[in-house]
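Biologist: I would like to learn how to read backbone angles and burial in a model. Could we take a few residues in turn?

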Amino acid sequence: MYPPLAFTFGWSVGMIALLDAGADPFCALILALRYKDDLALSLLLEYDCALFSSSQAISKKEPYRRLNSYNSILSFALGLYEASDKAKTLIASRLVSHRRRLVNLAAVMLSSTERQNACMEAMSDRRLPDRFAKPVVLALRKKGIMVPDVLWPGDGQCSIYHDLNMTLRIAEQLYSGGFQLVDDMDETGVTPLQIACMTAGIYKERWELISWYLDKGAMPYFRNPNQPKTCYLAITSSLSNERITDIKKSAESVIRRILGRTYDLCGPEIVDSCICYCSAYGCTPVQLLHKRYGGDWSWTSAKFNHWAYLNDLTLMQKESCGEELCRLEIFERIGMAHTCCEFKHNPCAYGERLMPSDEDCHELREEDKYFSQALELYMCIYRYLRREHFGPFSNFWCSWWTTINEILPEKAWISHKLGGHDYVPNIDEIRSSVQSELRNYNLEDYEDVFLDSISMFS
Ligand SMILES: [Zn+2]
Ligand SMILES: [Zn+2]
């Protein structure tokens, strides 16, 4: 299963002899990447190695089988842990030169009408065709012109930037080489920026790439119905499974800056259109970050505080995010079922959004009707007590949750709801408990308010 070329690693003379005799460098290229043999790699690339291959040509056996799931050798190298930065750079520059050759060939061989028909109208400048390189090859072949196999641009329906493992360095290299369409959509409507946002994580490299796409004019709004609608929401949902409190100091300032930038870009349209009792108007960022998480309260609370810090939330913003989180947390603690979006954490699907069917949604909401009243009651008590307390939000927040943790068990992800009565809050009990907790912070007297003066509780 290894080609003869595989036995010439470390022996350039032998490798050159085989390549001169016509050995196909393609399969050996993968081994060169695996063995981190950059010398062999550059030699193989010089021998006009194809960088895209039709899937029929790829062996079903290891180590080539994995290649089937990649669009190109560049994509394979980007996803390969062993591949060195130099190797990726070498492949990217070879890819640029292949595409340039194709453009030059088309410039000589095709009339301007033919070029236009092959989606090449804008090729008078230095730009290279990316997703639409295939029609150029087909137009040339139709005219009976021999196009070398190495110039075949692959069958993929996405641009060169549609890559889960794209790095800033390679993106910059491709861009300056002529691949300037950084905001193209693939056949499902996903853009490269969207992929970078859905996989933002906690390492700064991904964030720098997001920033770069935005610098290059990528749209911060997304049109794919199965994805978060803005880059800010996409980033937030990518963080839902991350330990954001563990972000390294070196990454923190980058992350904070880009969170601020994307928030400013997307701010007013920050809610999606989900219908669920867990939110008042659709999933907000703080809900995307916390829902279905399953951590205990101390972790959830730490996550929330760190989120507020990273986003530089004002006191007012933190206050309203706190209320959203409170609704979500109580919703989950009383065992209600979400009918809002869920993001699939499948790296290949870039975090696709799953929606329950209308029928399921309706059924679940009917089942939870009673619980939703309990939830509303909790929220009324929350707002009421918050208004009653004039001190800082953080004090109220801690006191509230100390009390709630006593009354409502932390999320147990119960499949069966317990008797609904266990969850009907008693405002007097909550109020006196919250107030006694608050007394730990200061000794100011609380005005006595008659609860039944509020219609909700009468
Ligand atoms: Zn929900
Ligand atoms: Zn949603």
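**Reading loop residues**

Modeller: Start with a loop: D48 lies between α3 (38–46) and α4 (73–78). Keep in mind that this is a predicted model.

Biologist: What sign does phi have at D48?

Modeller: Phi is positive there, about 50 degrees, although D48 is not a glycine.

Biologist: How is the exposure of D48 judged?

Modeller: One counts the other C-beta atoms within 10 Å; 12 or fewer means exposed, 20 or more means buried, and anything in between is partly exposed. D48 has 15 such neighbours, so it is partly exposed.

Biologist: Where is D312 found?

Modeller: D312 sits in the loop that runs between α14 (297–310) and α15 (315–333). D312 is not a glycine either, yet its phi is positive, about 55 degrees.

Biologist: Is D312 buried or exposed?

Modeller: Exposed, because 12 other C-beta atoms lie within 10 Å of D312.

Biologist: Which loop holds F222?

Modeller: The loop between α10 (204–215) and α11 (231–238).

Biologist: Why is F222 classed as buried?

Modeller: F222 has 22 other C-beta atoms within 10 Å, and therefore counts as buried.

Biologist: Which residues does F222 touch, leaving aside those up to four places away in sequence?

Modeller: T191, Q194, Q227, P228, K229 and T230.

Biologist: What separates the C-alpha atoms of F222 and L193?

Modeller: A distance of 9.2 Å, for two residues that are 29 residues apart along the chain.

How values were computed:
Residues numbered from 1 in each chain as written. Chains lettered and ligands numbered in written order. Predicted model: local features only at pLDDT ≥ 70, side-chain atom pairs only at ≥ 80, totals over all residues. Helix = DSSP H or I, 4+ residues; strand = E, 2+ residues; numbered from the N terminus. Contact = placed C-beta atoms within 7 Å.
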